[in-house]
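User: I'm new to this one and would like to learn how to read it. Could you walk me through it?

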Amino acid sequence: MKALIESIVSSLVDNPEDIKITETEEDAKLVYHLAVHPDDVGKVIGKNGRIAKAIRTVVYAAKTDTKKRIYLDIM
Amino acid sequence: MREITASGQTVDEAVQSALEQLNTTKDQVKVEIIDEGKKGLLGLFGSKRAFVKVTLAKNKIEETTEYLKKIITNMNIEAEITVTVTGNHVNFELSGENIAVLIGKRGQTLNALQHLLHLAINKDGKQFYTVSLDAEGYRQRRKDTLESLAAKMADKAVRMNKKVALEPMPSFERKIIHAALQSKKGINTYSDGVEPHRHIVIKP
């Protein structure tokens with residue numbers, strides 16, 4: 001899952017080495033927290049959150065081995 | 001990434017010979033001049049050849065294809081990607097077994113992926129590309145569905161003599177409906193609302 005998020009985001013930002021993804025597990029959900037270089041924030045959110053929405057749609061569509069709900073938290 | 005050094009009487013000639021060796025065109029390479037060379041006296045005495053270093057830039061289209069492939073593999077889906085380029089329009093066609101996951105409800109995953117590809121291919125590139133992503137002929141099927149929906153809704157608008165609003169759709173899907181109803185008499189179509197809730201209204 002982390003690999004998927006990273007592969008999507010790395011081609012969108014200017015500083016791919018500054019991508020940080022952390023995973024926190026809660027009762028019913030798995031939360032992934034994505035942080036990027038301060039200059040790249042706009043590139044992962046986009047106008048009206050269009051890019052953020054696209055990233056989430058793709059991430060949520062991926063098959064997972066857990067039954068838990070997945071959330072993607074950006075910044 | 002491939003790079004070679006080439007020489008010639010002038011810088012231009014050196015670049016030209018490098019391009020021939022790499023079998024490519026000037027807009028796909030980066031040229032670095034090592035030595036500009038000297039003409040010399042009457043082109044005979046003391047002339048120095050020009051040297052250039054030419055680096056073959058990685059093709060944006062190939063890079064984006066790899067990007068797409070990486071995303072799909074990381075989603076644990078196996079799919080074949082066929083790329084066709086016409087002018088500055090790039091079409092990616094996916095085929096495979098579990099393709100429904102990649103299309104999503106009303107193509108939302110496919111549209112999201114298409115948007116990401118569009119961003120990746122046009123990132124810091126000089127050339128602007130338009131991208132379309134298709135999976136197992138989904139776009140054509142969707143076009144047929146939209147056209148029959150358009151005809152049905154247009155009839156409804158005429159019959160009830162009332163405006164009919166359709167559900168929100170991305171711009172290229174609205175375009176299909178506008179085009180389908182353009183020649184139809186007695187109705188008018190326009191889009192209303194702000195993205196991402198922009199939708200078509202059919203007015204009798």
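Analyst: We'll go from confidence to overall shape, then to two residues.

User: Where do I start?

Analyst: This is a predicted model, so local features need pLDDT of at least 70 and side-chain atom pairs count only at pLDDT 80 or more, while totals for chains, interfaces and linings use all residues. Residues are numbered from 1 along each chain as its sequence is written, chains are lettered from A and ligands numbered from 1 in the order in which they are written, and side-chain values use heavy atoms, with hydrogens and water left out.

User: What is the mean pLDDT of chain B?

Analyst: pLDDT is the predictor's confidence in each residue, from 0 to 100. For chain B the mean is 85, with 93% of its residues at 70 or more. The model's scores are ipTM 0.89 and pTM 0.76.

User: How many helices and strands does chain A have?

Analyst: Helices (H or I, at least four residues) and strands (E, at least two) are DSSP runs, numbered from the N terminus. Chain A has three of each, in the order α-β-β-α-α-β from the N terminus. Chain A is as compact as a globular protein of its length, because its radius of gyration is 12 Å, close to the 11 Å from the globule rule for 75 residues. That radius is taken over C-alpha atoms, and the rule is 2.2 Å times the number of residues to the power 0.38. Its C-alpha trace spans about 35 × 25 × 20 Å along the principal axes.

User: And how many helices and strands are in chain B?

Analyst: Chain B has six helices and nine strands. Its radius of gyration is 26 Å, well over the 17 Å that the rule gives for 204 residues, so chain B is more spread out than a compact globule. The box around its C-alpha atoms is roughly 90 × 40 × 25 Å along the principal axes.

User: What share of each chain is buried?

Analyst: Buried means under 20% relative accessible area, exposed over 50%, and partly exposed in between (1.4 Å probe, protein chains only). In chain A, 43% of the 75 residues count as buried; in chain B, 36% of the 204 residues do.

User: How do I read charge?

Analyst: Count Lys and Arg as positive and Asp and Glu as negative; His and the chain ends are not counted. Each charge is placed at NZ of Lys, CZ of Arg, CG of Asp or CD of Glu. Chain A carries 12 positive and 12 negative side chains, with the centres of the two sets 10 Å apart. Chain B has 31 positive and 25 negative ones, and there the centres lie 9 Å apart.

User: Now a single residue. Is B:Lys60 buried or exposed?

Analyst: B:Lys60 counts as buried, because its relative accessibility is 19%. You'll find B:Lys60 in helix H2 (residues 60–74) of chain B. Contact means heavy atoms within 4.5 Å. Setting aside residues up to four places away in sequence, B:Lys60 touches several residues, including B:Ala120, B:Asp124 and B:Tyr129.

User: Which helix holds B:Gln114, and what does that residue touch?

Analyst: B:Gln114 sits in helix H4 (residues 108–122) of chain B. With a relative accessible area of 11%, B:Gln114 is buried. Beyond its neighbours within four places in sequence, its contacts include B:Val131, B:Leu133 and B:Phe172. B:Gln114 and B:Leu133 are 19 residues apart in sequence, and their C-alpha atoms are 5.5 Å apart in space.
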